[in-house]
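Subject: Structure for your records

Hello,

Here is the structure I said I would pass on. My notes on the aromatic rings and the overall fold follow below it.

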Amino acid sequence: MTTVDDLWYLADVASQQAEQTYHELTDGHDTFVEFTRHRRVPRRRFRSVAEDARDHGAPYGAHTLTYRPSGELLLVRHEGVDMWVLPGGELDGDESFREAALRELAEEGGVEATIEGLGMVGRIEFHCDGNNTWGVLPVFEARAETTDIAVADPDEEISDARWFAELPEDTRDRAEILQWHDRRFA
């Protein structure tokens, strides 16, 4: 008996949801930075990201470009990737992308902010054994309302948070963040 693998179907449904999510997020915005990343992942990880993309279009949740009026940007140190990254993470339950981004910001940096729009949108493409799918990475632009930092990450992945006037060399998505920064503070 031959076992039918449903991964191709899951990947197709996930891609359709990602497309819908992309349009819902970007309609009405025209000044965000777009980028694409390609990830070759093992089957188990592919299934996991495809399920997340199927459920809400965004396998990595939502993130923020949180800035002070002076232009300094908040980054957090993610030990799992050993880099400085933008605060953010997965959605909990029925949270909206904005709600998830603000919750993650509070957990990872202890900062409250007001979302002012869409700063960046990533298209993350996943490949595994001839299967392909993608998901959206929404990154909101947020003006800090408080600036004192306190890391209280329940996942214990974030070890530090800091305001940066100059981005460290080991900042994930550094080129795109700098592109956004130059556009925002020009």
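Tyrosine 9 has a relative accessible area of 49%, so this residue is partly exposed; the cut-off for exposed is over 50%. Tryptophan 8, at 54% relative accessibility, counts as exposed. Please keep in mind that this is a predicted model.

Aromatic pairs

The structure holds six aromatic pairs. One of them joins the two residues just named: the ring centres of tryptophan 8 and tyrosine 9 are 5.8 Å apart with the planes at 80 degrees, so this pair is edge-to-face. Another is formed by tryptophan 84 and phenylalanine 164, whose ring centres are 5.0 Å apart and whose planes stand at 70 degrees, so this pair is edge-to-face too. Here the pair links distant parts of the chain, since tryptophan 84 belongs to strand 4 (residues 83-85) and phenylalanine 164 to strand 8 (residues 158-164), 80 residues apart. Tryptophan 84 and phenylalanine 164 are both buried, whereas tryptophan 8 is exposed.

Ring pairs also connect Tyr67, Trp180 and Phe185 into a cluster.

Charges over rings

Phe185 of that cluster has a charge over its ring as well: the charged end of arginine 184 sits there, 5.4 Å from the ring centre. In a second case, arginine 123 places its charged end over the ring of tryptophan 134, at 3.9 Å from the centre.

The chain as a whole

The secondary structure consists of four helices and eight strands. Along the sequence they follow the pattern α-β-α-β-β-β-β-α-β-β-β-α. The radius of gyration is 17 Å, close to the 16 Å that the globule rule gives for 186 residues, so the chain is as compact as a globular protein of that length. Along the principal axes, the C-alpha atoms fill a box of roughly 65 × 35 × 30 Å.

Of the 186 residues in the chain, 50% are buried. Among contacts with a separation of 6 or more, 75% are between residues 24 or more positions apart; the pair of tryptophan 84 and phenylalanine 164 links residues 80 positions apart. The accessible surface of the chain is about 9,600 Å², and carbon and sulfur atoms account for 45% of that area.

Regards

Terms used: Residues numbered from 1 in each chain as written. Predicted model: local features only at pLDDT ≥ 70, side-chain atom pairs only at ≥ 80, totals over all residues. Heavy atoms only, no water. Phe/Tyr/Trp six-rings, centres within 6.5 Å; stacked < 30°, edge-to-face > 60°. Buried < 20%, exposed > 50% of the residue type's maximum accessible area, 1.4 Å probe, protein only. Helix = DSSP H or I, 4+ residues; strand = E, 2+ residues; numbered from the N terminus. Lys NZ or Arg CZ within 6 Å of the ring centre and 35° of its normal. Rg over C-alpha atoms; globule rule 2.2 N^0.38 Å. Contact = heavy atoms within 4.5 Å. Areas by Shrake-Rupley, 256 points an atom, 1.4 Å probe, with all protein chains shown as cover.
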